[in-house]
Amino acid sequence: MRIALVGALLGAITSGSFAHAADVAAGKEKAELCAGCHGDNGISQTENIPSLAGQQDQFVQWQLVYFRAGSRKNEQMQPVVEQINNEDIRNLGAYFSSLTPPQGPKDDNPDLSEKGKQAAAGRRCASCHTDSYAGTKAVARIAGQREDYLLKALHDYKSGVRSGGGQAAMADVAYPLSEEEIEALAHYLAHL
């Protein structure tokens with residue numbers, strides 16, 4: 001039942017069936033709730049917290065709906081999502097997707113990045129996240145994302161801590177990854 005409700009809500013949000021289009025300025029105003037963790041202009045400076053700048057509009061919307069519906073859990077996010085409505089979700093997606101994504105730091109371990117590049121090719125990461133790893137529609141931008149967050153996310157997918165919605169494909173990809181592959185992937189993607 002909960003999955004059907006989330007699916008119907010997502011369909012309404014992302015299909016534009018609401019009365020008006022997303023408002024980036026309103027999203028920017030509402031994003032003040034997000035800045036404490038996700039950083040000014042959506043670029044996180046906090047360990048294990050993702051940057052949202054340049055994230056795909058639909059991806060942001062889906063994640064907010066998952067948090068609000070309780071199918072994705074996070075203690076810090078729960079009180080925030082209780083304060084937002086469907087219009088806020090549309091506006092936040094539009095706002096964060098309009099921002100310039102973070103630049104990956106200078107690569108301090110090219111050998112590890114090469115292993116990560118090979119792991120990404122072997123796991124066919126580009127088939128969903130695109131060749132530039134910028135994501136598309138409801139698929140996350142992972143290029144330039146915080147390395148610590150990528151490590152956390154891959155571990156969460158591998159262990160099943162992060163599940164629900166469209167996360168099933170990631171669980172299938174992450175489960176067989178070795179610790180070395182996880183570290184290499186996170187390093188490679190963070191430095192793109």
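Analyst: Buried means under 20% relative accessible area, exposed means over 50%, and partly exposed lies in between (1.4 Å probe, protein chains only). Of the 192 residues of this chain, 41% count as buried. The model is predicted, so local features need pLDDT of at least 70 and side-chain atom pairs count only at pLDDT 80 or more, while totals for chains, interfaces and linings use all residues. Residues are numbered from 1 along each chain as its sequence is written, and side-chain values use heavy atoms, with hydrogens and water left out.

User: What elements make up the chain, and how many helices and strands are there?

Analyst: There are 11 helices and 0 strands. Helices (H or I, at least four residues) and strands (E, at least two) are DSSP runs, numbered from the N terminus.

User: Why is Tyr133 called buried or exposed, and which is Arg124?

Analyst: The relative accessible area of Tyr133 is 7%, so Tyr133 is buried. Arg124 has 59% relative accessibility and therefore counts as exposed. Both have a phi near 60°, a positive value in a residue other than glycine. Arg124 is in the loop between α7 (110-122) and α8 (126-129), and Tyr133 is in the loop between α8 and α9 (147-159).

User: How many disulfides are there?

Analyst: The count is 0. A disulfide is a pair of cysteine sulfur atoms within 2.5 Å. For Cys37, the closest cysteine sulfur is that of Cys34, at 8.8 Å, so the distance is too far for a bond. Cys125 is in no disulfide either, with the nearest cysteine sulfur, in Cys128, 8.7 Å away.

User: Which of the classes buried, partly exposed and exposed applies to Cys37, and which to Cys125?

Analyst: Cys37 has a relative accessible area of 33% and is therefore partly exposed. Cys125, at 12%, is buried.

User: What makes Pro50 count as buried or exposed, and what does Pro50 touch?

Analyst: Pro50 is at 15% relative accessibility, so Pro50 counts as buried. Pro50 lies in the loop between α3 (32-38) and α4 (57-69). Not counting residues up to four places away in sequence, Pro50 touches His38, Ser44, Gln145 and Tyr149; contact means heavy atoms within 4.5 Å.

User: What joins the side chains of Gln61 and Asp57?

Analyst: A polar contact of 2.6 Å joins them. A polar contact is a pair of N or O atoms within 3.5 Å; within protein, one must be able to donate a hydrogen and the other to accept it, and residues adjacent in sequence count only if both atoms are side-chain atoms. Gln61 belongs to helix α4, and with a relative accessible area of 4% Gln61 is buried.

User: What volume does the largest cavity have, and which residues line the largest cavity?

Analyst: Its volume is about 30 Å³, and the count is 1 cavity of 30 Å³ or more. On a 1 Å grid over the protein atoms alone, a cavity is a set of points where a 1.4 Å probe fits but cannot get out, and lining residues have an atom within 4 Å of a point. Grid points are joined across faces, edges and corners, and the volume is the space filled by probe spheres set on the points. The lining consists of Ser51, Ala53, Gln55, Pro102, Arg141, Ala143, Gly144 and Gln145.

Technical notes. 1 Å grid on protein atoms, 1.4 Å probe; cavity = no way out; pocket = protein on both sides within 12 Å on 5 of 7 lines; lining within 4 Å.
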